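Dear colleague,

I am handing over the structure we spoke of, and my notes on it come directly below. Please read them with the coordinates open beside you.

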Amino acid sequence: MYRRIILLATRNRSGISPIAEHSINITNQQETKRTSVSTCPNRQRMHYNKGVCAPNNRPFSTSTALSKENEESSAPKTGVTEAKVKEEEPRKSGKENLLDLLSAMKVGVTTKKKFQALKSQKSKEQPRVHPESMESATSMFQKATTEQQAQKESLSPELVAAASAVASSMPFKKSQTESELLQQLRKHESDTEVHKKGETNNIGNIIADMKVGKHPNARSPNRPANQIRFDDDGRGYTHDRGVVNEFDAVRRRKSLFTGKRLNIFPSTTDTTETEPKEVSVPSLWDIELAGQIAAVIKHLPRNGFEEMIQWTKDGKLWQYPINNEAGLEEESDVPFHEHVFLDSHLEDFPKQGPVRHFMELVINGLSKNPYLTVKQKMEHIEWFHEYFQQKEEVLKESEAY
Amino acid sequence: MAALMLSRVVKSGFEFLQTSFRTTSLAQRCTTGNVEQVRGYYVNWRMLRDVKRRQMAFEYANDRLRMNAIRKNTILPKELQEIADKEIAAFPRDSCPVRIRNRCVMTSRPRGVKRRWRLSRIVFRHLADHNQMSGIQRAMW
């Protein structure tokens, strides 16, 4: 069961057809994982890899990458990437403090080349904190596995609890695996948030685990090089440093809105905006009127740019920069564990036998498919359920149901 | 009776023509103001049939996928697979994707069609020579 918890940490974006072409037996899963990890060409830490595909045109390809977490937690010594953890605050008590801990942690992500150096450094690190004040691991684990929906802004306590339960069930270094799992989860969350909001400026603030480098003020006007004047060149002037000096303070500010208010303009009152809007349902006449106005206002495109604008509004042209998930905005709100943990939908099927085996393969394939919505996956499973119910007699004759 | 059949065929044809007609109902004016002739019809009946096959293949795609998953299997019993074979053969013939032919979009030519542009070689050459294809240049090396 913990294999699937581990899968939760990474999300594979390359598609696979809903039915896995090679039959991966569930019992042999770990062995196949280990062998194919060694052949996996991609050694870096897997993020949310967005495949490039046109809307409504999803290519199928076999997935090659597998969960790195499994690798790390099962065999940390043979792991490829390693997170170096420095814990700075002593534990207070309770689950929520793990989050505080994580936010204070500074983690550096390294590649395989630095692994050996890190290993030697790890032994010198400070003594770790153990999740002793947690409840029993099995109860946490049960609670975590039965939990279906977790709407969260940051890491939900259930996920944190699940991570700690998994870590405590591992034979190797528990707190280290736990922190790694949590770091993965946090990164995953931050990636999805950043992608949702489209912010690219504040990644350094959002991804709190990475070291944030502060750029020293590049222009230091008091450098000796700037003080030397080269009037002898015949140009008659030096580099214009005066202007640089004046605006340096302004430039140092990272954003426009810091600094003292001058109170020149009165701030806008919000009374007009808070009035409730009285339009309930636009009638057909209103729609017709709006259409007429729009038709009158709409001018013929004067140039190619306006033509392209018109086409984009019509939907004939894609929106640039290309958004791979153009029609799928709602889908991004669906938490990833609903895509991956489809086991609970298999309750209606028999527990043993070839039908169950077949459905487990189906579930396995579906969980790896990033191109289908959860609804579509459910439809597949329900179709199979109905089909097997219809063919119950045939299956019972061959003793398969 | 022949007239009935003919009328039915024409009706189904015109349904498709109407769907295409709806999207290109207005003669578009280009930026210079000249009225460009816009296609309101498919090039020929063969193209129309191809369109029908594509739409049907899209409809039945999921069902076919699932039935094939049951058929191409070593786990499920063979009796079930035989029944699935018969069921998939009972699907309408136009629902299988194999019958789709990538025709030229402009001339409906079935052969010599480059996939990237969906155009036959003749139309492609025509447009490229008149500088209508972005990024296409005569090869010379």
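What follows covers the nonpolar cores, the aromatic pairs and one surface patch. Please keep in mind throughout that this is a predicted model.

I begin with the interior. The largest nonpolar core has 24 residues, and those that touch the most other members are A:Phe349, A:Phe358, A:Met359, A:Phe384, A:Tyr387, A:Phe388 and B:Ile70. At least two residues of this core come from each of four helices, namely α15 (353-367) and α16 (374-390) of chain A and α2 (45-71) and α3 (78-89) of chain B, and it is α15(A) that gives the most, with six residues. Apart from this core lies another one, of nine residues, which includes A:Leu159, A:Val160, A:Val166 and A:Leu182.

A:Phe388 deserves a closer look. Leaving aside residues up to four places away in sequence, A:Phe388 touches A:Phe349, A:Val355, A:Phe358, A:Met359, A:Leu395 and A:Tyr401, and on the other chain B:Leu76 and B:Leu80. Its relative accessibility is 1%, and because buried means under 20%, A:Phe388 counts as buried.

The aromatic rings come next. Over all chains the structure holds nine aromatic pairs. In one of them, the rings of A:Phe349 and A:Phe388 have their centres 6.5 Å apart and their planes at 80°, so this pair is edge-to-face. The pair links distant parts of the chain, since A:Phe349 sits in the loop between α14 (336-340) and α15 of chain A, whereas A:Phe388 belongs to helix α16 of chain A, 39 residues apart. Both of these residues, A:Phe349 and A:Phe388, are buried.

A:Phe384 and A:Phe388 also form an aromatic pair, in this case a stacked one, with 6.2 Å from centre to centre and 20° between the planes. These two residues both lie in helix α16 of chain A, four residues apart, which is about one turn of the helix. A:Phe384 has a relative accessible area of 1% and is therefore buried. Ring pairs further link A:Phe349, A:Phe358, A:Trp383, A:Phe384, A:Tyr387 and A:Phe388 into a cluster.

Finally, I turn to the surface. Which residues make the nonpolar surface patch of about 400 Å²? The patch is made by A:Leu289, A:Ile293, A:Val296 and A:Ile297. Of these, A:Val296 lies in helix α12 (residues 284-297) of chain A, and at 66% relative accessibility A:Val296 counts as exposed, because the cut-off for that class is over 50%.

With kind regards

Conventions:
Residues numbered from 1 in each chain as written. Chains lettered and ligands numbered in written order. Predicted model: local features only at pLDDT ≥ 70, side-chain atom pairs only at ≥ 80, totals over all residues. Heavy atoms only, no water. Core = buried A, V, L, I, M, F, W, Y, C linked by side-chain atoms within 4.5 Å. Buried < 20%, exposed > 50% of the residue type's maximum accessible area, 1.4 Å probe, protein only. Contact = heavy atoms within 4.5 Å. Patch = residues over 30% accessible without salt bridge, like charges linked within 9 Å, V, L, I, M, F, W, Y side chains within 5 Å. Areas by Shrake-Rupley, 256 points an atom, 1.4 Å probe, with all protein chains shown as cover. Salt bridge = Lys/Arg side-chain N within 4 Å of Asp/Glu carboxyl O. Phe/Tyr/Trp six-rings, centres within 6.5 Å; stacked < 30°, edge-to-face > 60°.
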